[in-house]
Amino acid sequence: MPRTDDGQTIKLADYRATDFVLHSVAMTIRLFEGRADIDTTLELERRKGADAAAPLVLDGDELTLTGLALDGTPPEGDRYKASPERLEITDLPSDRRFTLDVATTLVPENNTKLMGLYRSNGIWCTQCEAEGFRRITYFLDRPDVLAPYTVRIEADRGAAPILLSNGNPTETGTLPDNRHFAVWDDPFNKPSYLFAMVAGDLDLIHEPFTTASGKSVSLAIYTEKGRSAQARYALNALKRSMVWDERRFGREYDLDVFNIVAIADFNMGAMENKGLNIFNHKYVLLDPETATDTDYAGVETVIAHEYFHNWTGNRITCRDWFQLCLKEGLTVYRDQEFSADERSATVQRISSVRRLKAHQFPEDQGPLQHPVRPTEYREINNFYTATVYDKGAELVRMIETILGREGFRKGMDLYFDRHDGDAATVEDFIACFEVATGEDLSRLALWYGQAGTPTLTVTEDYDAAADRLTVGFKQTLQPGAAGTGTTPMHIPIRFGLVGSNGQDKDAAPVQGAGVEGAVVHLTEAEASVVFENLGERPYLSVLRDFSAPVTLDHAQSEADRLALARLDPNLFNRWRILNDLVGAALTKASRRPSSATQAPLASEIIDAILGSAGDESLEAAFRAQALALPGEAEIARMLAENVDPDAVHAVIETARGDVGKRGAALFARLHADRESSVEFSPDAESVGKRALANAALGYLAAATGDPGPAEEQYTIAGNMTDRLAALTVLVHRFPDTPASTSALNDFYDRFERDGLVIDKWFAIQATIPSPKAVEIVAGLATHPKFSLKNPNRVRALVGTFAAANQLAFHRADGAGYRWVAERLVEIDRLNPQVSARVATTFRSWRSLEPARRDKASATLRQLIELKDISADLRDILGRSLR
Ligand code: TRP
Ligand code: ZN
């Protein structure tokens, strides 16, 4: 049996407050080459009512204690016990405040885990969420311990002219030996995971901002030398985020400065440290030559997300890590709403739903399933998941759908009012909406605790003689891996009855409780709703805007679906219904043996796709979405069992060729119409036009087998979006041809010095749809630009290969699994958070056909048998095998 019993399981039910209250933190951080000395002074007090004999137990992680004093005096040796993981002190006062001075020493240069204090290209920086602060000093390192911090940083003036921490700057000065210091004061109570410090030789751009109430704030973005011009768009996105949060939620910024630092080596996207956000530089640095439209959208989203955390996460934080969705789900909801308001709401919703289905649905339908609010964990870093973030956002969105815009805003206002300064829970959050609106949300709240994707079954029965439509709704939730409940939940179902004229009928139900305007509130296992006097049989458009994160099982005729794909006034549903139709056809074809030879898509379906793509009354970005076929992983998920990735790939390829051939004239026109000469602009309309032209290019190549148009586009491309689209067509569709090889080499030569672009160069090769990609990635792993220490590079090559190259990762001989497993072991020695993340790409192994399933599980079992893998990786492997 695999060992999964490493470390201990933390349980929500075991929560209790600390025995000691923390009043303040003062730190002095002295930075040297090869060493950092940390002096921390904590002002503590035993909590009223706590056990008078309880010791103070502080968390550590790989720490070295170099000094300890209680009220200024070193304690007797038998009063404390120190290990790298823990500092325990006994006989502490029961009736008064006391101070504890703790000194530690670190080697940031050796910190390859990128948690705690580390160096990235010479820059000293920190990452403390979730449990990184304990790698800097011994501490009550949990989110419900809040305090104001004063931080003094000392460093060599040449190595680190810039010294930053949380809060406002208060003092700077000169020290002997060409050293200097800066003092930062953060008056807002915060937990340790929001602590941050940066020191280095950085460039910056800055701009003033005046809040709605007239407070002036200095905004700045710091980058590596010579790159600050690439932060302009990020600064612009920051200002738009600040204005939006004032208008939409009445939330203003609260410090005198807001600083962002862009770092090359970073475990995730970015971090919302109070007043000092630290970003993976991928989400800050951009220009048209090196970044795609997708990169621009990513920067806008992540900048907004981290800024919005200032209220949802920082001013109101989480009581414990089980409540992670309280800040993450809510903040993703807020950044999605921001993007919807800044761009096209429909297209934004389509891309959020695509993301949910691509990442969260497979997680919720496999062994890594967990509720949005888990009740136990071994390694909290493994719970920064699509379920917590994206399904968490869907749950907030359902609250908004149930309460309406105004009711939702009232609840949010009460939440900010009541809980400002608190470490709160999901229950606190939901109570605010109930109190503010009088609505009962108990059935909605169940969503936080019950794992799995519910199935929503919809039936319709039209009695022509009586002109009566009866719609049945039924919800089912399978008991899943997480062992949580299956009680019926509140599912808000936005719907419309579409007439043959393409307009919604304004029909109130004659029977059926729980219908409010355009929303059916399903709160029991089943319900039915009856409509009369419709004048004709309407087309039933359900789950508009994806009003609940469910699997829809609606036995709707193909004719009705095709009509809605054309007529539905709800544009999201036009896309959704068409996408479901295509997905169902591709899934069905993938089940047939020798499926690739038959046409997977009926000509009516292809015409529906082409109809949307060619409809000039629709925005270009929407038309491009209509052209994007479901991906291989999406079809694999819908197959659910006995998946043969080769067959799925062949089916999608055939479909792509068929669409390309039938639409050849349209695609030639759409591609020719592209505006390659106009100056680049990242606005939504231009982005949509590029997406449409590039989708057309892909279909043209699939249909004609001619690399010519892609070659030409590559050569004349005036921006990275068009260049990368052309390169992708060349490399994926015409591998090993002179056209492809020379473009790939040209790309490398042009961008050799820019790591973020080299990541694209690695990723494009890692996703070559060929079994040979295993040898290709193996070769690239020895390329001088590859590094196991940089998470972006690891994700670009190893992560992308495993997540996005179904054909090669799942190669029938198991070579793809073995190559990834070997890399996992190497990555794990350096950075367990990254190895654990990459390992999740194995999660759907059970749905594979038997031969691959055996190979994948054998690989996982061999990995988990290794004695010295990290607890992070072991947790993922153990749960994947359960
Ligand atoms: N709180 C961050 C966000 O979502 C994400 C985060 C959690 C993170 N842990 C991290 C980022 C570790 C970097 C490293 O905005
Ligand atoms: Zn977040």
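This report walks through a zinc site, three helix pairs and two unusual spots in the backbone. Keep in mind that the model is predicted.

**The zinc site**

Let's start with the metal. Which protein atoms hold the zinc ion (ligand 2)? They are NE2 of His 305, NE2 of His 309 and two OE entries from Glu 328, lying 1.9 to 2.8 Å from the ion. The zinc ion (ligand 2) has six donor atoms, with angles among them of 48 to 160 degrees, and its site is irregular. If you look for the donor residues in the sequence, you'll find them spaced H-x3-H-x18-E. His 309 sits in the loop between helix H2 (293-308) and strand S21 (317-318), while Glu 328 belongs to helix H3 (residues 324-342), so this pair ties together parts that are 19 residues apart in sequence.

**Three pairs of helices**

Next come some helices that meet each other. Here are the pairs, with the distance that their axes come within and the rough crossing angle.

| Helix pair | Axes come within | Crossing angle, roughly |
|---|---|---|
| H11 (residues 620-627) and H15 (residues 684-704) | 7 Å | 30 degrees |
| H17 (residues 720-733) and H19 (residues 755-766) | 10 Å | 25 degrees |
| H23 (residues 815-830) and H24 (residues 832-839) | 7 Å | 155 degrees |

What do those angles tell you? An angle under 35 degrees counts as roughly parallel, and one over 145 as roughly antiparallel. H11 and H15 are therefore roughly parallel to each other, and their crossing is left-handed. On the H11 side, the contact involves Ala 620, Ala 621, Arg 623, Ala 624 and Leu 627, and these meet Gly 688, Lys 689, Ala 691, Leu 692, Ala 695 and Tyr 699 of H15. Sort the residues of this H11 and H15 contact by class and you get eight nonpolar, one polar and two charged.

H17 and H19 are also roughly parallel, because of their crossing angle of roughly 25 degrees. Their crossing is right-handed. H17 brings Met 720, Leu 724, Leu 727, Thr 728, Val 731 and His 732 to the contact, where they meet Val 757, Lys 760 and Ile 764 from H19. The classes in the contact of H17 with H19 are six nonpolar, two polar and one charged.

For H23 and H24, the axes cross at roughly 155 degrees, and that makes H23 roughly antiparallel to H24. Val 820, Leu 824, Ile 827, Asp 828 and Leu 830 of H23 meet Pro 832, Val 834, Ser 835, Val 838 and Ala 839 of H24. Here the split for the contact of H23 with H24 is eight nonpolar, one polar and one charged.

**Two spots in the backbone**

Now for a couple of loops. Which two residues does a cis peptide bond join? Glu 129 and Ala 130 are the pair, and omega there is about 0 degrees. To find Ala 130, go to the loop between strand S10 (123-127) and strand S11 (147-156).

The other spot is Asp 177, a residue other than glycine with a positive phi, near 60 degrees. You'll find Asp 177 in the loop that runs between strand S13 (168-175) and strand S14 (179-190).

Notes
Residues are numbered from 1 along each chain as its sequence is written. Chains are lettered from A and ligands numbered from 1 in the order in which they are written. This is a predicted model: local features need pLDDT of at least 70, side-chain atom pairs count only at pLDDT 80 or more; totals for chains, interfaces and linings use all residues. Side-chain values use heavy atoms; hydrogens and water are left out. Axes are lines fitted to C-alpha atoms, for helices over the stretch in contact, and angles run from 0 to 180 degrees between N-to-C directions. Helices (H or I, at least four residues) and strands (E, at least two) are DSSP runs, numbered from the N terminus. Angles under 35 degrees count as roughly parallel, over 145 as roughly antiparallel, 65 to 115 as roughly perpendicular and the rest as oblique. A crossing is left-handed if the near helix is turned anticlockwise from the far one by less than a right angle, and right-handed if clockwise. Contact means heavy atoms within 4.5 Å. Ala, Val, Leu, Ile, Met, Phe, Trp, Tyr, Cys and Pro count as nonpolar, Asp, Glu, Lys and Arg as charged, and the others, Gly among them, as polar. Donors are N, O and S atoms within 2.8 Å of the metal (3.2 Å for Na, K and Ca); water is not among the atoms, so sites may look incomplete. Four donors count as tetrahedral if all angles lie between 85 and 135 degrees; four count as square planar and six as octahedral if opposite donors are over 155 degrees apart and all others between 65 and 115; anything else is irregular.
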